[in-house]
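Reader: I would like a close look at a single part of this model, namely one helix together with the helices that pack against it. Please give the geometry and the cut-offs behind each term, since I want to know exactly how each word is being used.

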Amino acid sequence: MGVAVPPEYTPVMEALRQMHGVTMLERRSSPYDVLIATILSQRTRDETTERVFRDVKARWPDVTSLAAADEDEVDAVIHSIGFHRQKARAIIATAKQLEERHDGQVPSSMDELLELPMVGRKTANCVLVYGFAEPAIPVDTHVHRISNRLGWVETRTPEATERVLVELLPREHWLEINQLMVSHGKTVCQPQRPRCGQCGVAPYCARAGVAE
Ligand code: SF4
């Protein structure tokens, strides 16, 4: 009977690092900024999120001013992003909740983060990783797709992918995996046409579900 060979996490992460670099620590933001930006980013392109987030920060620079903001005004400022009405309501409610329950600070526990409006596991994990540098695995569409293609997981949903990855992936890789796979998913391992011929990860990849 053969012995199962564990997936080659470290060479894959090293190959991803070589292709895309490691910039997370350079780009580290405050937990509050990560939280608000990630709520705004849901189902929205990065460039649009960045612009809209800058506008929100310029008009309401901190938690106190955002908690007191008028919903119609916030909605007008973020109008170019999807679900702007829900997001306007959510970021104001989030700021209020931070003021009322957490002394204006963002909590650093998953359970407390999940109590905030429009905060699911992916957003909470982003706050932990990018705001607090706490090991966690934010699984978005890129992490979900690439983990499946690599053969690391065999899952249908990002939530299931996260559950498997936290069991399997050595903790030393948790802080980097989201950023590296997002970069990889945007430039090389794209949804429709993965560029396997130009991919440094190819020697370790099962290419599950990828057409020949
Ligand atoms: S070899 Fe192809 S499927 Fe595998 S990670 Fe690279 S681009 Fe994606």
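Author: What follows takes helix 2 as the centre and works outwards to its partners and the loops beside them.

The model is predicted, so that local features are reported only at pLDDT of at least 70 and side-chain atom pairs only at pLDDT 80 or more, whereas totals for chains, interfaces and linings use all residues. Residues are numbered from 1 along each chain as its sequence is written, and side-chain values use heavy atoms, with hydrogens and water left out.

Two packed helices are described by the angle between their axes and the distance between the axes. Helix 2 (31-41) is among the elements covering the buried residues of helix 6, where helices are DSSP runs of H or I with at least four residues, numbered from the N terminus. The two helices pack at an angle of about 155°, with their axes 9 Å apart; the axes are lines fitted to C-alpha atoms over the stretch in contact, and the angles run from 0 to 180 degrees between N-to-C directions. Helix 2 is therefore roughly antiparallel to helix 6, a term kept for angles over 145 degrees, while those under 35 count as roughly parallel, 65 to 115 as roughly perpendicular and the rest as oblique. The crossing of helix 2 with helix 6 is right-handed, meaning that the near helix is turned clockwise from the far one by less than a right angle (anticlockwise would be left-handed).

On the helix 2 side, Tyr32, Leu35, Ile36, Ile39, Leu40 and Ser41 meet Lys87, Ala90, Ile91, Thr94 and Leu98 of helix 6, contact being taken as heavy atoms within 4.5 Å. These residues divide into eight nonpolar, two polar and one charged, with Ala, Val, Leu, Ile, Met, Phe, Trp, Tyr, Cys and Pro counted as nonpolar, Asp, Glu, Lys and Arg as charged, and the others, Gly among them, as polar.

Helix 6 itself runs over residues 84-102, and its 19 residues reach 25 Å from first C-alpha to last, close to the 27 Å expected at 1.5 Å a residue, the expectation being 1.5 Å times one less than the number of residues. Lys87, Ala90, Ile91, Thr94 and Leu98 are among the residues of helix 6 that are buried, a word that here means under 20% relative accessible area, with exposed meaning over 50% and partly exposed in between (1.4 Å probe, protein chains only). Besides helix 2, the cover over the buried residues of helix 6 includes helix 3 (46-59), helix 4 (63-67), helix 5 (71-77) and helix 7 (110-114). Asp103 follows helix 6 and has a positive phi, near 55°.

Helix 2 also packs against helix 8, where the axes come within 8 Å and cross at roughly 145°, again in a right-handed sense. Here Pro31, Val34, Leu35, Thr38 and Ile39 of helix 2 meet Thr123, Cys126, Val127, Tyr130, Gly131 and Phe132 of helix 8. By class, this contact holds eight nonpolar and three polar residues, with no charged ones. Leu35 and Ile39 appear in this contact and also in the one with helix 6.

Helix 8 (residues 121-132) is largely enclosed by the rest of the structure, because nine of its 12 residues are buried. Among these buried residues are Thr123, Cys126, Val127, Tyr130 and Gly131, and the buried set packs against helix 7, helix 10 and helix 11 (174-187) as well as helix 2. The end C-alpha atoms of helix 8 are 15 Å apart, which agrees with the 16 Å that its 12 residues should span. Ala133 comes after helix 8, with a positive phi near 55°.

Within helix 2, Asp33 is buried, since its relative accessible area is 18%. Leaving aside neighbours within four places in sequence, Asp33 is in contact with Phe53 and Lys57.

Two loop residues complete the picture. Arg43, in the loop between helix 2 and helix 3, has a positive phi of about 55° although it is not a glycine, and with a relative accessible area of 75% Arg43 is exposed. Met118, in the loop between helix 7 and helix 8, likewise is not a glycine and has a positive phi, of about 60°, but at 30% relative accessibility Met118 counts as partly exposed.
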